[in-house]
Amino acid sequence: MGSKRIGITTTVAAITIIVALIIGGVIGYLAKPPEVVEKIVEKPVEKIVEKPVEKIVEKPVPALSGEIPIGAVLCLTGALATYAENEKVALEIGVSEINDMLRKSGAPVTIKLLVEDSETKPDVALEKLKSLAAKGVKVVIGMMSSAEVRNVKGYADANKILIISPSSTAPALAIADDYVFRLPPDDTKQGSAMARVMYDVGIRCIIPIWRGDAWGDGLLATTPARFKELGGAVVEGIRYDPEKKEFSAEVAALASKVQDAVNRYGKDKVGVYCVSFEEYETISVQASEYPILKEVRWFGSDGTCLSMKFIEDKVCADFSVKTKFVNTYFAPAESRKLVELREAIKAKIGRVPDPYAYNAYDALWITVKSMFIAEKYDAEAIRTVFPKVAEATFGASGWVKLNPAGDRELADYDLWAIVVKDGKYEWVKAGYYSGATDSVTWLVSL
């Protein structure tokens with residue numbers, strides 16, 4: 001009976017301990033927060049790809065680009081052919097220099113020279129201008145004679161085509177606010193210069209013979225008037241048709257007038273004022289048949305100065321030497337630029353060019369500079385800035401300052417004559433005329 005009680009008690013005690021442990025465990029679990037088990041869940045990572053931002057950078061479009069045509073209407077045949085050849089070569093040199101400069105600067109522009117022959121005929125000059133206009137030309141360098149300028153001026157003004165003449169000088173064409181610029185001074189200045197020259201060498205009576213066009217009529221409206229102001233006399237002269245090729249009737253009439261003047265004033269006081277182009281060659285050859293016409297002095301102008309035809313024709317050259325044939329020509333300022341261009345032209349054609357070739361060269365450079373300042377190839381825009389650009393330019397022809405009419409303002413003249421040197425005929429600068437002092441300085445004795 002006693003041992004049985006002990007076994008029961010032991011069993012009860014064991015159960016009690018187990019229950020206590022269970023209850024303690026439960027209480028412990030409830031008293032302490034449960035452990036958090038981190039479970040790593042892999043998710044696919046979304047890659048954020050930044051799209052490149054397209055920045056639109058606008059490159060400036062050049063105001064001028066491509067091939068830009070500049071026209072040239074020159075008297076490559078006819079009565080000014082020698083001078084036209086000089087000007088053509090000067091323009092070609094200018095185009096080469098300009099294009100080389102543009103290429104080196106990276107400018108996307110080239111200048112193309114389009115040359116036309118006017119044949120020294122006003123109607124042909126207009127046809128050639130219209131042809132250039134149809135090709136998109138807005139600026140034309142040329143119209144060498146005043147007759148050509150006068151004939152094309154209406155069309156140029158109406159169609160806004162800029163004409164820049166290197167050699168037109170007729171005073172009647174000195175008009176402000178048109179589409180014509182002229183790089184020589186007008187003939188009111190040349191007329192005064194020649195009047196002073198003739199009076200300075202002792203001439204007191206002149207007999208004119210001149211081509212009947214805008215240029216010739218212009219000089220005959222100025223030179224005789226100034227000569228009379230100085231105290232000289234002017235005999236009614238002989239006006240001839242510029243299209244003529246033979247002048248026997250005109251020369252015979254001239255000989256008669258000169259003889260009458262000599263009878264009145266004496267041979268040393270009488271002079272012939274010949275306002276011609278290269279037809280002077282024919283006039284002088286026919287005049288050489290009249291002794292009286294070789295016994296008086298002859299005087300010319302820029303239309304007959306430095307022509308090679310006159311020294312290549314022995315009769316013409318000999319007549320010119322005997323009559324001390326003196327010619328006025330616009331005098332560009334002597335400079336390094338002039339010398340360089342003169343030598344470059346001479347290397348190509350074998351002779352010293354006339355001063356108007358330097359005008360043609362400067363006209364091209366001023367045109368291109370004006371075009372870039374205006375930022376467009378447009379005649380009206382170029383015309384607006386051209387005078388200011390010209391005034392700021394000292395080119396091969398000197399300072400290119402224009403007057404309000406668009407003609408060169410400064411006016412000095414070189415005096416050229418044909419002489420014999422070492423058995424050969426050649427042109428020499430015999431003296432010069434100063435417009436500022438209205439005086440003549442002689443460099444050689446004729």
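This is a short dialogue on reading a helix crossing and a cavity in a predicted model.

Q: What should I know about the numbers before starting?
A: The model is predicted, so local features need pLDDT of at least 70, side-chain atom pairs count only at pLDDT 80 or more, and totals for chains, interfaces and linings use all residues. Residues are numbered from 1 along each chain as its sequence is written, and side-chain values use heavy atoms, with hydrogens and water left out.

Q: At what angle do the axes of α13 and α14 cross?
A: Axes are lines fitted to C-alpha atoms, for helices over the stretch in contact, with angles from 0 to 180 degrees between N-to-C directions. Helices are DSSP runs (H or I, at least four residues), numbered from the N terminus. Here, α13 (residues 356–374) and α14 (residues 379–391) have axes that come within 8 Å and cross at roughly 120°.

Q: Which residues make the contact?
A: Contact means heavy atoms within 4.5 Å. On α13 they include Ile366, Met371 and Ile373, and on α14 they include Val385, Phe386 and Val389.

Q: How many cavities of 30 Å³ or more turn up?
A: On a 1 Å grid over the protein atoms alone, a cavity is a set of points where a 1.4 Å probe fits but cannot get out; lining residues have an atom within 4 Å of a point. Grid points are joined across faces, edges and corners, and a volume is the space filled by probe spheres set on the points. The search of the whole structure finds one, with a volume of about 130 Å³. Of its 15 lining residues, Leu80, Met144, Ser167, Phe277 and Tyr356 are the closest to the centre.

Note on methods: Helix = DSSP H or I, 4+ residues; strand = E, 2+ residues; numbered from the N terminus. 1 Å grid on protein atoms, 1.4 Å probe; cavity = no way out; pocket = protein on both sides within 12 Å on 5 of 7 lines; lining within 4 Å.
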